[in-house]
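Biologist: I would like a close look at a single part of this model, together with whatever surrounds that part. Please state the cut-offs as you go.

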Amino acid sequence: MKKVVSTEKAPAALGPYSQANIVGNFVFTSGMVPINPADNSIPADVKAQAAQSLNNIKAVLEAAGSSMDKVFKTTVFIKNMNDFAQINEVYATFFDGNYPSRSCVEVARLPKDVLVEIEAIATLD
């Protein structure tokens, strides 16, 4: 059985999907784009966008009863692979060194023409 997760501390879904779902002991987030939920703004540079996307994931995970330290898999979608190092700098600060598995792919385009989108899978315990 799945349970839908929703919080105002992360941007609302841009389409017919949930911010996250809990299935069993797992939380599956949707891809989080770097929209600031307070004012719907999008930061200009890729490092700030990565931070906002990860803060959005953090908010959704906390609403689900999980946390960043329980993330075991992420997928990072980036507009330009040349931004890989800058995104890594920010990404590393959201984890305690016990990093989750990760895939990173360059894509042609992302919603709202953002530079980065990130999704995560975490446990509840």
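Modeller: The answer below starts with one strand and then moves outward to its partners and surroundings.

The model is predicted, so local features need pLDDT of at least 70 and side-chain atom pairs count only at pLDDT 80 or more, while totals for chains, interfaces and linings use all residues. Residues are numbered from 1 along each chain as its sequence is written, and side-chain values use heavy atoms, with hydrogens and water left out.

The part chosen is strand E3, residues 26–29. Strands (E, at least two residues) and helices (H or I, at least four) are DSSP runs numbered from the N terminus. Side chains alternate along E3: Val 27 and Thr 29 point to one face and are buried, whereas Phe 26 and Phe 28 point to the other and are not. Buried means under 20% relative accessible area, exposed means over 50%, and partly exposed lies in between (1.4 Å probe, protein chains only).

On one side, E3 runs antiparallel to strand E2 (residues 20–23), joined by 4 bridges; strands count as paired if DSSP finds at least two bridges between them. Ala 20 is opposite Thr 29 in this pairing. The two strands make a hairpin with 2 residues between them, and Gly 24 in the turn has a positive phi of about 60°.

E3 also pairs with strand E6 (residues 116–123), again antiparallel, through 3 bridges. Here Val 27 faces Ala 122 and Phe 26 faces Thr 123. E6 is largely enclosed by the rest of the structure, because 6 of its 8 residues are buried. E6 has a further antiparallel pairing, with E4, over 7 bridges; in it Lys 73 has Ile 121 as bridge partner.

E4 spans residues 71–78 and includes Phe 72, which is partly exposed at 35% relative accessibility. Together with Val 23, Phe 26 and Phe 28, Phe 72 makes a nonpolar surface patch of about 320 Å². Such patches are made of residues with over 30% relative accessible area and no salt bridge; nonpolar side chains (Val, Leu, Ile, Met, Phe, Trp, Tyr) are joined within 5 Å, like charges within 9 Å. A salt bridge is a side-chain nitrogen of Lys or Arg within 4 Å of a carboxyl oxygen of Asp or Glu. Areas come from the Shrake-Rupley method with a 1.4 Å probe, and for residues only the protein chains shown count as cover.

Val 27 is in contact with Ser 66, whose other contacts, neighbours within four places in sequence aside, are Leu 61, Ala 122, Thr 123 and Leu 124; contact means heavy atoms within 4.5 Å. Ser 66 sits in the loop between helix H1 (46–64) and E4, and is buried, with a relative accessible area of 6%. Its side chain reaches the backbone oxygen of Thr 123 at 2.5 Å. Thr 123 thus recurs here, as the residue opposite Phe 26 in E6.

Helix H1 also contains Ser 53, which is buried at 0% relative accessibility. Excluding residues up to four places away in sequence, Ser 53 touches Met 32, Val 33, Pro 34, Val 116 and Ile 118.

Definitions and conventions
A polar contact is a pair of N or O atoms within 3.5 Å; within protein, one must be able to donate a hydrogen and the other to accept it, and residues adjacent in sequence count only if both atoms are side-chain atoms.
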